[in-house]
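User: I would like to understand how the words used for a protein model are justified. Could you take me through the reasoning step by step?

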Amino acid sequence: MMSSDLVEKLEAATHASLAPPNLVSPEQRREAEEFLLSFRRSKVSFNVCWEILDKSSSSSVQYHAAATMKESVIRDWETIDDSTRLSMQQFILNFLTQRPGITGYVRGLLSNIFAVILKRSSVTSHDPTQRHPFYQHLGALVASNNETMETTACSILSAICIEFSASDKSSNVGLSWEQHAKCKAQFEKSDLPQIFQLTIQVLHQTSTSSNIQTSICEKFYSIAEQILSWKFSPTIGQRRAFLESDSTLRQNFQPPQYWKQQILDPALLQLFFNLHSKVRTNESLCHSSTSCLSQLASLEGDVLKDMGDNVRYLTHYLQGLLHVYASTHPLHHEALGISNIIRNLVECHKLQIWSMLPNEMNLFPMFLERIARFTIDFGEEAAKEEELHEDDHLYMEAFETILDPWTTLIECMNPHDTMVYITPCADSIIKMYVKCHVSAPEGTRTQTNEDLEEDIDELEEEDREKFGCQLMSIASLARTSPHTCIPFITRILEDRTNRLHGQLQRVGQQGGGVVDPMLSLLYEDVHWLVLLAGHILADECEGETPLIPPEILKYSIDSKHLVDESVTMKVLGSPEVKINEIPGGEKASDPVVRLSSAVLRLSGVETRCLRGGLGGLLSPQLAQDILWFLRCWGATYLLYPEDHYKELSPVITRAFGRDSPGSKWLVEHFINKIMTSLSHWGSELKVLEDSTQLLIMMVQNNLRCHLVVECPEFWDLCSKISENVYPYSTLPLSVKQNISTALVHAGSANMNQYKDKYWQQTLQPLHHRYHTLTTHPTFTQQTHKESTILEISSILSMLQGISAASTPTNTTYLFGFLTNFLPDCPKLIDIYHDNENLIVLILELYVEVVHKQICYLKQSQCSLLCDWTMNLLKSYSNHGNTMTSSEDDITLIIELLTNLLSKDFIDFSEPDTDETWSIPGAQPIETSAADVVLFGLGIILPNMNSQLLLFPELCSQYFKLITFLCEIYPEKIEKLSDEMLQSFVYSLQIGLKSYGSDNCKLCLEAIESLSTHCYKTKDAPSSLHNVVSSFTKLVFDSLITHAADFELMRTAGETFYSLLCYQPQHTATLLQQVIDSQQDEQTKLRLSTSFANLTHDVSLLNHDRNSRTTFLRNLESIIYNIRGILCVK
């Protein structure tokens, strides 16, 4: 027997470790903690732990004893006989039921030990009926009406569910994945239904009780939630999909077929809805209840294969939901839960099932009416949260979640059903949304003093991005009812524009020295109205041709019999005139053109105020909103591609179509808008960037670009930008870069017609500025003056913008222009090696030139570019002792080298017709891309370490570079020095393990290329041949670890195959070591048989396609069979 001395020491140590600083010294606390750690690390038997638990009343001591007991059980499991295991379970059960005062964390840990013992026992016991008496005992505890007994049963059941789930929360008990999987599958079939039945039994008792015990109810709700969120083991046919599924996504409830009777019993849904109606006022219970209902709403899979079952289940669910909320509104804490329920109902049950609901019950219309009411409620409360600047955004999250089902329904329904079912709901939702975002009289939004005094956080996300998904959903709803929503929004926007114009004039006449509350109120109104108008009229598209939404186009076509085209054109072309001053403007104009014109009218107000000296009263946010709208709307409507539409609106075509007077006027309006914004918003970077994005949108389309270059204002802008005329000279570098890109796009689209003018007004002034600066006699004395550095920075940024606009048609022309600058960059690095910003600009210029132009350059031009790049890197390297290579520098150098190598993959250049193409007087060039990359590696590798690779962009670029290098020039790796080769190999080794699956895949591809090269050159061994074999074990581990990622497994398999071909004997030795490391003889036999099937004809392996395909097919099946053995938790 253990002496009571150990218990006393443990109690004293726990007391000292937890005592306040005034009662114990640091030395005493340290000694106490060391004693507790030594006790936990000591191999104390579980018998000793029993005695400590039994004798000590200290919760801390009990916890340490229980934790040590768990470690002892796991460590000594194989040596513990069955009777002792049974005794341990009985001891824990007795201890938990006979000690009502034990703390929750001790109870939880002991329950966990009980579950571990149960799971480990199930590995050897294949008869699940042996556990039935245990569940009967737990059932008796549940039915005892004793809170302690019920709490104990709940704690044990919860621990069992966690342990058998084989999730991250399960204990590391030393079982292979295969054993975990077998235990889980057996548990799901025999135990989990019993646990669920016990849970339902308790919840049923609770629902019929007049006095709900919150703590017990919450605990059993938690178990129900665990089971309803369970990820069931897949059948053989589902395994691939199971492994490929994204574990980060929410898990729908997909029980197997044998759960059907239990789950489809209508009494189950009735129980959960009845109980929810009772507990919904309790916040913690309500959260668990809505989670369970949400999971039941997501029911799918085998139990609902029969369509009739699916219809009946959905019918019962809707009846329960509609009954609970027949005459009540969701409470604050249940809003998000209700939104999740509705989303799961709509997304997990096909529209075909909804269409089969009993017509006499009218369930679907009632359901839509109810969720419309919820949507309106949540939207109104979300607006209040924003208005009050509350930290809790629960209603906002609920509102955004409940909008998703509307979008899903709109996408699935045909136009007729949408009009019948969705449109009535959409009208009320849109009116609510507008009401919550504008002020009186149409809206309810108010403004507090806090709003007026609040500083704008430049780092805060823009509303159009922050609420982007929300606005798109609202726009989808509005498009189902354009005849109501578009006129409604148009009228309010026109009214606010008139009021804003009048208020600006009044405040301007009064001096405008104080913040005007009315202006702030109006700015917020038009902010949301413009965002709404933009999202309703157009979709933001990247990489696709933006098209007019079909609902909007149809609305315009359907309205043509009510529209006067001449009146519509007056509305469009008179932005300075109020709509009510245009005869017929309010009744006879096209509604789509009128809403577009309303924003143009607002744009005109802003432009006139800027030019009239009232810029200090204007809101930068208003300018951003207008420019954003013009960019999105212009990309969709202005000179839209008519051949993409089956039917055209005659009014829209006349207003915005090809060869229309409206389109030419609009292009001029846009250019004037851009010039005004650039010249008056010099201190607002976001406004300037939006202006340049609008300009780029205008010139990237050939039809629009033809009209742009015909504008005198555009050429005026070109000259002022290129000649660095004030106020354009003060623009930020990023803005100048974007403008340069736009100017080159414009010139390139019309190169034949405007070539000379383009050169004279855009490129020649830039060359002149650079030449004048660098050839000035005092340049060497003034290199570090601020004005000189700013001028060089400006030129480099504009050159980068010019390079970014390179296309197949203009690359030769632009490359010839850039030869005036690129050869000088190494000298600039020599001069400005201590200026980090300029170094980055120089590297960025080279990266952009190589990235955009190299695939179009002729070989002689590429040779020149490689030579310049080599000189640039040499200059950078020469100053390595005087400057620190930053993460930005290294990333840019890596990207530069990668882009150089891309020429070997993608080459669209024409053959050299003039073999001597070069700069006049230049010597023949022999520098190759491989030489540059090899030299660049000498800069990169000494700086490359595990800490630097934590930068995601740098890490990705680095592994992409070395993969390209190994694939194209593996022989160059042989030329690395031993020190560089060691660094190179080390980076590949850590890349396989530490930086995600994408980078692991790149490393595997690099190793495959190296091993293939070594196989082909094995008769001429080098240091590279010696190190390649070190990857075999790591690649094999990758096969096992990433077997669930089939794309990565394929790459790992190909790499392993290459290594096996190169060094079959070394690989065979490795596989034998894996076999020998196993303790179980049966496992050894399985592995031996699998590996023998894989390598039985290793002498015949070669790199031909058929051998590789056969090997990979065998490897996949073998890895799936053995990974469960080799992965241990």
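Analyst: What follows is a set of questions and answers about this model, which is predicted.

User: What makes up the chain in terms of helices and strands, and what share of the residues is buried?

Analyst: The chain has 55 helices and zero strands, and its C-alpha trace spans about 100 × 85 × 70 Å along the principal axes. Of the 1129 residues in the chain, 54% are buried.

User: Why is N835 called buried?

Analyst: The word buried is used for a relative accessible area under 20%. N835 has a relative accessible area of 18%, so N835 is called buried. N835 is found in the loop between α41 (825-831) and α42 (836-853), and the side chain of N835 reaches the backbone nitrogen of N837 at 3.2 Å.

User: What makes that approach of N835 to N837 a polar contact?

Analyst: A polar contact needs a suitable pair of N or O atoms within 3.5 Å, and the distance from the side chain of N835 to the backbone nitrogen of N837 is 3.2 Å, which is within that limit.

User: How do you know that D391 is exposed?

Analyst: Exposed requires a relative accessible area over 50%, and D391 has 78%, so D391 counts as exposed. D391 is found in the loop between α19 (363-387) and α20 (394-412), and D391 gathers with E283, E390 and D392 in a patch on the surface.

User: Why is the charge of the patch with E283, E390, D391 and D392 called negative?

Analyst: Asp and Glu count as negative, and the patch is made of E283, E390, D391 and D392, so the patch is called one of negative charge.

User: Why is Y421 called partly exposed?

Analyst: Partly exposed covers the range between under 20%, which is buried, and over 50%, which is exposed. Y421 has 30% relative accessibility, so Y421 falls in that range and counts as partly exposed. The place of Y421 is in helix α21 (residues 415-437), and Y421 forms a nonpolar patch on the surface with M419 and V420, with about 270 Å² of accessible area together.

User: What makes K686 and E462 a salt bridge?

Analyst: A salt bridge needs a side-chain nitrogen of Lys or Arg within 4 Å of a carboxyl oxygen of Asp or Glu. The side chains of K686 and E462 meet at 3.1 Å, N to O, so the pair satisfies the rule. K686 lies in helix α33 (residues 685-700) and E462 in the loop between α22 (449-453) and α23 (463-466), so the pair ties together parts that are 224 residues apart in sequence.

User: Are K686 and E462 described as buried or as partly exposed?

Analyst: K686 has a relative accessible area of 32% and is partly exposed, whereas E462, with 11%, is buried.

User: How do you know that E791 and R769 form a salt bridge, and which helices hold them?

Analyst: The closest N and O atoms of E791 and R769 are 2.9 Å apart, which is within 4 Å, so the pair is called a salt bridge. E791 lies in helix α39 (residues 786-804) and R769 in helix α37 (residues 751-774), so parts that are 22 residues apart in sequence are tied together. Both E791 and R769 are buried.

Methods
Residues numbered from 1 in each chain as written. Predicted model: local features only at pLDDT ≥ 70, side-chain atom pairs only at ≥ 80, totals over all residues. Heavy atoms only, no water. Helix = DSSP H or I, 4+ residues; strand = E, 2+ residues; numbered from the N terminus. Buried < 20%, exposed > 50% of the residue type's maximum accessible area, 1.4 Å probe, protein only. Polar contact = N/O pair within 3.5 Å; in protein donor to acceptor, adjacent residues only side chain to side chain. Patch = residues over 30% accessible without salt bridge, like charges linked within 9 Å, V, L, I, M, F, W, Y side chains within 5 Å. Areas by Shrake-Rupley, 256 points an atom, 1.4 Å probe, with all protein chains shown as cover. Charge placed at Lys NZ, Arg CZ, Asp CG, Glu CD.
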